[in-house]
Amino acid sequence: MSDFIAQSLVTGNTLSQSFSLKLNTRYKVAAFYPFLYIHGAPAGIFTFSVKDENLLIVYSKTFTSADIKTALSTVNNYVRCFYPVIPVAPLALDKGTFFFELSASGYVNSPTQFIAWIQQHEDLNNDLDYVPTNDAENPLALRLKVFKEGIL
Amino acid sequence: MTMRVLSFADGFSAATAPDISGTQENYTIANNVVASTNVSGLIFNNLTVKSVFAKLEVERSHIIAAVPVYYRQVIDVVFHWDGAAWNLSPANYTGSDLLQSSTVVNGQDVVLSIVAATGQVQYKSGNMIGTSYIGNFKFSITRIAVV
């Protein structure tokens, strides 16, 4: 049995997580992996957006509940996964703070149908710039896959 | 955003809903429901949860002769699986006496029940004869998961 704390997306609102890239280099992002959960495969089109510190959209991609199910090759309607949001070409991001957002259109949340972003417990991949005092303060879970160049 | 606590069985996907706790769940009370009717989506699986603690607000209102009439009850409800059947135990209410054990007597009354075998929560409601009727169950639920 596994327990997760998640923030469900309310109709008309967004879920947002700030993320800082701290090295003086240009990151070539291969993929974003938000840890998402769909409850009852809700209808609608979901959008994962990357905004810069001026809140300008630098990248976005849409997907549906069906896409999340396909990613896991499942027909079940209650699915959690690090969903791959993959730019067609590597996304170049410089050092700075970005905001990753989840929004939706044509979506109505209910107790039986919703999409949620699972919160991270004890993140071994990303440092936090604050100390959560309880699990409700954990950030929204996300993985970033970046291309690396050089001699392997 | 609404915080939810999800309790999953093993695996990344499931054909049935996992248990969810810790957030408010709102359901509509239709007017004059004579036969026990499902509270759609409120059902407990005894394989994954055997005890459920709920804070429940029951709210019904209508307008009679241009005067709004409100009824609101706040009550604790425990749903529990005794090994063979689901049971329901309401207690400690404040406000209007809306929730009745088995029979609707007054127009504002509500009967809350649970199907013993399936864990499906159901209700009946009295007939509020005014205009602009509104009725809601608002649950704050904690499900004690089977470990």
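**Exercises on a predicted model**

Before we start, keep in mind that this structure is a predicted model.

**Exercise 1. Find the bridge partner of A:L36 in β6(A), then trace the pairings of β3(A).**

Solution, step by step.

- Begin at A:L36: in β6(A), its bridge partner is A:C81.
- Widen the view to the whole pairing. β3(A) and β6, which covers residues 78-82 of chain A, are joined antiparallel by five bridges.
- Move on to β9 (residues 114-118) of chain A, which is linked to β3(A) by four bridges and runs antiparallel to it. Here A:Y37 has A:A116 of β9(A) as its bridge partner.
- Next comes β10(A), antiparallel to β3(A) with six bridges. One place to look is A:Y33, whose partner in β10(A) is A:R143.
- Finish with β7 (residues 91-93) of chain A, where three bridges make an antiparallel pairing with β3(A). In this pairing A:Y27 is matched with A:L93 of β7(A).

A word of background helps here: strands of a sheet pair through backbone hydrogen bonds, in either a parallel or an antiparallel way.

**Exercise 2. Decide whether strand β3 of chain A is largely enclosed or left open, and say why.**

Solution, step by step.

- Recall the cut-off: a residue is buried when its relative accessible area is under 20%.
- Count along the strand. β3 spans residues 27-39 of chain A, and eleven of its 13 residues are buried.
- Conclude: because eleven of the 13 are buried, β3(A) is largely enclosed by the rest of the structure.

**Exercise 3. Classify A:K148 as buried or exposed, and place it in the chain.**

Solution, step by step.

- Locate the residue: A:K148 lies in the segment that follows β10 (142-147) of chain A.
- Apply the cut-off, which calls a residue exposed over 50%. A:K148 has 78% relative accessibility, so it counts as exposed.
- Now compare sequence with space. A:K148 and A:A30 are separated by 118 residues in sequence, while their C-alpha atoms are 9.8 Å apart.

**Exercise 4. Work out which strands stand at the edges of the open sheet in chain A, and why.**

Solution, step by step.

- Write down the order: the four strands of this open sheet in chain A follow β2-β8-β4-β5, with antiparallel pairing.
- Look at the ends. β2 (15-21) and β5 (57-63) of chain A each have a single partner strand, so one side of each has no neighbour in the sheet.
- Add the twist, which averages 20 degrees from one strand to the next.
- Zoom in on one pairing: β4 (residues 45-51) of chain A runs antiparallel to β5(A), and six bridges join them. Within it, A:T47 sits opposite A:T62 of β5(A).

**Exercise 5. Describe chain B, then how it meets chain A.**

Solution, step by step.

- List the elements: chain B has twelve strands and zero helices.
- Check the burial: of the 147 residues in chain B, 39% are buried. Its exposed area is about 7200 Å², with 56% supplied by carbon and sulfur atoms.
- Consider its contacts. Among those between residues at least 6 apart in the sequence of chain B, 64% join residues at least 24 apart.
- Turn to the interface, where 26 residues of chain A contact 24 residues of chain B. Together the two chains bury about 2200 Å², and 58% of this is on carbon and sulfur atoms.
- Search for salt bridges across the interface of chain A and chain B: the rule finds zero.

Terms used. Residues are numbered from 1 along each chain as its sequence is written. Chains are lettered from A and ligands numbered from 1 in the order in which they are written. This is a predicted model: local features need pLDDT of at least 70, side-chain atom pairs count only at pLDDT 80 or more; totals for chains, interfaces and linings use all residues. Side-chain values use heavy atoms; hydrogens and water are left out. Two strands pair if DSSP finds at least two bridges between them. Helices (H or I, at least four residues) and strands (E, at least two) are DSSP runs, numbered from the N terminus. Axes are lines fitted to C-alpha atoms, for helices over the stretch in contact, and angles run from 0 to 180 degrees between N-to-C directions. Buried means under 20% relative accessible area, exposed over 50%, partly exposed in between (1.4 Å probe, protein chains only). Contact means heavy atoms within 4.5 Å. Accessible areas come from the Shrake-Rupley method with a 1.4 Å probe; for residues, only the protein chains shown count as cover. Buried area is the accessible area (1.4 Å probe) that two parts lose on being put together, summed over both. A salt bridge is a side-chain nitrogen of Lys or Arg within 4 Å of a carboxyl oxygen of Asp or Glu.
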